[in-house]
Protein chains: 2
Amino acid sequence: MSLMLDEEELDDYVPLRINPYTRAQDSRIVSFLFIKLYIAWYITCMLISRNKNCLVYFSNLENIYFSKSPANIHLGKELILVTPKINTFLMKRCQYSDGSVRLRNPNIELMDQDILYHLALGSGSHDLVEMFGDVKFVCMGGTPKRMEHFANYIMQEIGHKLPAGTTLLDITKNSYRYSMYKVGPVLSISHGMGIPSVSILLHEVIKLMYHAKVKDPIFIRIGTCGGVGYEGGTVIISEEALDEMMKPYMELMVLGKLVRRPAKLDRQLARDLKGLAHRDDPYDTVIGKTMCSNDFYEGQGRLDGAFCEFTEADKMEYLMKLQKAGVVNIEMESLCFAALTNHAGIQSAVVCVTLLDRLKGDQVLAPKEVLEEWQMRPQKLIARYITTYLQRKGRLSLEGSHGSMYVKSPRRFISEN
Amino acid sequence: MSLMLDEEELDDYVPLRINPYTRAQDSRIVSFLFIKLYIAWYITCMLISRNKNCLVYFSNLENIYFSKSPANIHLGKELILVTPKINTFLMKRCQYSDGSVRLRNPNIELMDQDILYHLALGSGSHDLVEMFGDVKFVCMGGTPKRMEHFANYIMQEIGHKLPAGTTLLDITKNSYRYSMYKVGPVLSISHGMGIPSVSILLHEVIKLMYHAKVKDPIFIRIGTCGGVGYEGGTVIISEEALDEMMKPYMELMVLGKLVRRPAKLDRQLARDLKGLAHRDDPYDTVIGKTMCSNDFYEGQGRLDGAFCEFTEADKMEYLMKLQKAGVVNIEMESLCFAALTNHAGIQSAVVCVTLLDRLKGDQVLAPKEVLEEWQMRPQKLIARYITTYLQRKGRLSLEGSHGSMYVKSPRRFISEN
């Protein structure tokens with residue numbers, strides 16, 4: 001075990017920001033004097049090292065707080081740099097040992113009730129375990145229409161039957177923000193457009209998974225995108241998400257300070273999805289890097305926005321640079337989707353269909369019917385994954401005992417007349 | 001006229017990024033040698049100086065391209081620093097002299113047709129002048145529900161009558177992205193949550209105004225927000241929008257390079273709106289700075305997200321810092337709304353209602369009925385402004401000759417059966 005890394009070696013490691021929330025004054029954390037701290041820290045390192053490949057680097061030992069499990073090492077505002085292997089190890093620790101989703105926020109369990117404002121659900125007003133306890137797949141996409149369609153499609157594919165005289169209901173319709181449908185173990189939710197919109201949803205759905213005691217959920221984004229060198233209608237599985245500077249992490253401002261979160265997606269899940277592409281699919285299914293932009297027009301180098309302050313040559317130069325770096329498509333949510341699910345220790349994937357090849361144009365010219373057929377393609381791939389998974393678990397053709405609305409108190413979520 | 005400003009003086013001026021789109025190779029722009037350039041530039045400055053208060057500063061004279069009108073001065077990638085007065089002057093030049101919206105994108109007029117993809121409208125498929133030529137007010141807000149409600153409310157307030165047997169239609173319903181209603185001179189459109197979502201809408205609505213030959217439109221955002229030192233239910237008119245670092249401009253990445261746009265709102269419009277607050281309104285109406293965040297939870301210092309890596313003390317310190325800087329509310333769209341309308345030379349305002357005082361909590365606890373009454377408050381203020389404006393122009397109680405769907409070609413926008 002090495003305590004220090006060379007500058008060069010450091011480049012290979014992913015910085016993991018350990019929760020600086022808890023300080024010495026927090027009664028749940030035992031704070032030691034410097035020497036005791038050192039011993040405690042050393043033991044922790046030994047524990048971690050059993051997972052092999054362990055290289056731990058501390059910049060400031062005086063600033064460490066320590067509690068019982070490795071997941072709860074607190075370093076004030078210092079960073080601990082660990083290998084990808086260890087990162088995974090610590091990430092896995094974000095879940096309880098039974099696989100339930102663990103929140104990286106100690107405040108939630110201390111709250112009387114947690115109102116998921118943008119979902120129009122609450123831990124006090126709804127029986128979230130009863131409603132969502134059996135969820136395994138959380139599928140998200142931009143528009144309410146697409147996600148309603150996916151809910152009906154997956155219902156048919158997994159042979160899920162609704163009781164006679166019932167139909168699917170938009171569970172979050174009283175929020176007027178997102179649409180959410182539940183089909184047995186599958187949630188189908190619209191996330192709107194752009195990082196802020198998907199970020200609000202992810203915070204609340206991750207909390208929902210925690211309240212509902214869901215175990216090892218899999219999050220999948222089903223999106224649309226622009227291809228970089230790929231014709232309209234190509235299915236693209238993201239290997240990794242990059243920001244507009246081609247950096248593989250999401251930068252967000254927290255209390256006016258910059259925080260970085262690695263935008264990592266589950267590589268095994270991506271490979272499993274790729275493996276489900278059929279040879280006779282009349283379109284390609286590829287894996288590659290996805291550039292995530294905060295803007296549809298200027299940020300993606302489109303010449304057809306309300307403003308355009310660059311030439312076509314500038315645009316092409318930029319797109320070629322992206323292509324050289326391994327970018328195969330551009331969309332607007334993957335960075336946040338990858339970063340927040342990774343931070344919560346949740347397996348996730350992004351599968352999009354291209355609506356055009358950006359090397360050949362900017363405007364979405366395909367007719368409506370063609371666009372609708374294209375949008376089915378990622379849905380088919382996800383449906384193959386879900387049915388294969390449920391088949392393996394012997395859970396295909398479920399009789400839904402879960403999934404109805406169990407409202408304990410209608411205080412703020414009554415529907416309007 | 002002074003060519004150089006002291007460092008201190010510079011702080012008072014707003015940087016205006018002049019269109020670096022056109023380069024020497026662009027045939028429409030005459031490029032001069034250095035001396036000729038200097039003369040041309042000097043003449044331009046003289047022209048500008050007639051508008052008084054003129055202080056122009058150049059960092060690199062070798063990099064100037066010049067065309068006939070002041071609005072088309074091209075400086076390569078250099079900045080020209082001008083007084084707010086000049087900034088307004090140049091901004092006004094972004095419109096044609098008859099007040100029509102001018103696009104800062106020379107490509108659009110060269111295109112056969114312009115498909116406004118996220119609105120499901122197009123310059124080739126729809127008669128946009130016939131449909132939208134009479135628009136004066138473009139009102140936007142987060143949810144489709146609120147904007148549908150506003151459309152019905154403003155219809156009643158301005159006495160707009162629909163033909164017998166007709167009702168309002170969501171014009172953009174085939175896009176599944178935004179909802180748009182038209183009530184005589186008022187458009188009411190939902191923009192979703194966050195900057196990327198409102199940015200796509202603004203690009204397309206600004207292009208829509210251009211195609212429809214709308215003159216001097218006024219854009220107003222009707223939103224919800226968290227108050228900083230103001231109780232839930234307070235109406236807040238934004239004086240200026242700030243980013244999470246309290247900088248008064250929007251930063252966006254264009255072709256991997258950072259671009260800054262001043263997030264300026266129309267101060268006179270803000271004052272006019274404030275003047276319409278009634279003394280006997282059972283709530284306060286205030287003017288102040290608005291902080292615009294890219295995140296609802298961590299970015300706004302909430303302790304109740306899926307992740308929280310700071311203490312309550314850190315949060316309060318940050319909010320107090322915002323309050324000291326004159327910030328009265330926090331929301332998620334104003335920065336982009338101000339920056340893009342300002343860049344297009346369009347008068348704009350942001351009016352929000354607070355859903356809670358962030359100095360007292362994070363969760364939105366007010367019951368649904370109370371929240372709905374609160375959301376009416378900014379709508380009432382905007383309705384007073386619109387009715388006063390139309391009254392002054394003798395246009396109250398319009399008979400709508402415009403506003404029906406005039407579809408020339410149904411190619412991609414046919415409704416589904």
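How much area do chain B and chain A bury between them, and what share of it lies on carbon and sulfur atoms? In this predicted model, the two chains bury about 7400 Å² between them, with 57% of that area on carbon and sulfur atoms. Within chain B, the residues that lose the most area to chain A are Met193(B), Leu255(B) and Glu309(B), which together account for 11% of what that side buries.

## Confidence in the model

The model as a whole scores ipTM 0.76 and pTM 0.77. For chain A the average pLDDT is 80, and 72% of the residues score at least 70. Two stretches of chain A call for caution: pLDDT stays under 50 over residues 1-37, for which the model has 89 contacts beyond four places in sequence, and it also stays under 50 over residues 51-96, for which the model has 128 such contacts. Where pLDDT is low, the predicted coordinates should not be read in detail.

## The interface between the chains

The contact between the chains takes 83 residues from chain B and 84 residues from chain A. Across this interface there are 26 residue pairs in polar contact, counting pairs in which both residues have pLDDT 80 or more. Several elements of chain B give two or more residues to the side that touches chain A, including helix H5 (144-157), helix H6 (195-211), strand E11 (249-254) and helix H10 (368-392). Helix H6(B) gives the most to that side, with nine residues. By residue type, the side of chain B that touches chain A divides into 39 nonpolar, 21 polar and 23 charged residues.

Charged pairs also span the two chains, with a count of four salt bridges between chain B and chain A. One of them joins the side chains of Glu309(B) and Arg261(A), with a distance of 3.7 Å from N to O; Glu309(B) is also among the residues of chain B that lose the most area to chain A.

## Chain A and its buried helix

Chain A has 10 helices and 14 strands, and buried residues make up 60% of its 417 residues. Among the contacts in chain A between residues at least 6 apart in sequence, 77% join residues at least 24 apart.

Helix H9 of chain A, residues 334-343, is largely enclosed by the rest of the structure, because 10 of its 10 residues are buried. Among these buried residues are Ser334(A), Phe337(A), Asn342(A) and His343(A). Just after H9(A), Gly345(A) takes a positive phi of about 70°.

## Two buried positions in chain B

Ser334(B) is found in helix H9 of chain B, and it is buried, with a relative accessible area of 0%. Leaving aside neighbours within four places in sequence, Ser334(B) is in contact with Arg221(B), Ala241(B), Thr290(B), Cys292(B) and Val350(B).

Leu265(B) lies in the loop between strand E12 (257-262) and helix H7 (267-275) of chain B, and it too is buried, with a relative accessible area of 8%. Not counting residues up to four places away in sequence, Leu265(B) touches residues that include Glu239(B), Ala241(B), Ala338(B) and Val350(B). Leu265(B) and Ala338(B) are 73 residues apart along the chain, yet their C-alpha atoms are separated by 5.4 Å.

## Salt bridges within the chains

A search of the whole structure finds 30 salt bridges over all chains, and three that lie within a chain are set out below.

| Salt bridge | N to O distance |
|---|---|
| Asp281(A) and Arg384(A) | 3.0 Å |
| Arg377(A) and Glu373(A) | 2.8 Å |
| Lys207(B) and Asp114(B) | 3.1 Å |

The pair of Asp281(A) and Arg384(A) links distant parts of the chain, 103 residues apart, with Asp281(A) in the loop between helix H7 (267-275) and strand E12 (285-292) and Arg384(A) in helix H10. Asp281(A) counts as buried at 13% relative accessibility, and Arg384(A) counts as buried at 16%.

Arg377(A) and Glu373(A) are separated by about one helical turn, because they are four residues apart in helix H10 of chain A. Arg377(A) counts as buried at 10% relative accessibility, whereas Glu373(A) counts as partly exposed at 34%.

In chain B, Lys207(B) in helix H6 and Asp114(B) in the loop between helix H3 (84-92) and strand E4 (115-116) are 93 residues apart, and their pair links distant parts of the chain. Both Lys207(B) and Asp114(B) are buried. In chain A, salt bridges that share partners join Asp243(A), Lys247(A), Glu251(A) and Arg260(A) into one network.

Notes. Residues are numbered from 1 along each chain as its sequence is written. Chains are lettered from A and ligands numbered from 1 in the order in which they are written. Side-chain values use heavy atoms; hydrogens and water are left out. pLDDT is the predictor's confidence in each residue, from 0 to 100. Contact means heavy atoms within 4.5 Å. Buried area is the accessible area (1.4 Å probe) that two parts lose on being put together, summed over both. A polar contact is a pair of N or O atoms within 3.5 Å; within protein, one must be able to donate a hydrogen and the other to accept it, and residues adjacent in sequence count only if both atoms are side-chain atoms. Ala, Val, Leu, Ile, Met, Phe, Trp, Tyr, Cys and Pro count as nonpolar, Asp, Glu, Lys and Arg as charged, and the others, Gly among them, as polar. Buried means under 20% relative accessible area, exposed over 50%, partly exposed in between (1.4 Å probe, protein chains only).
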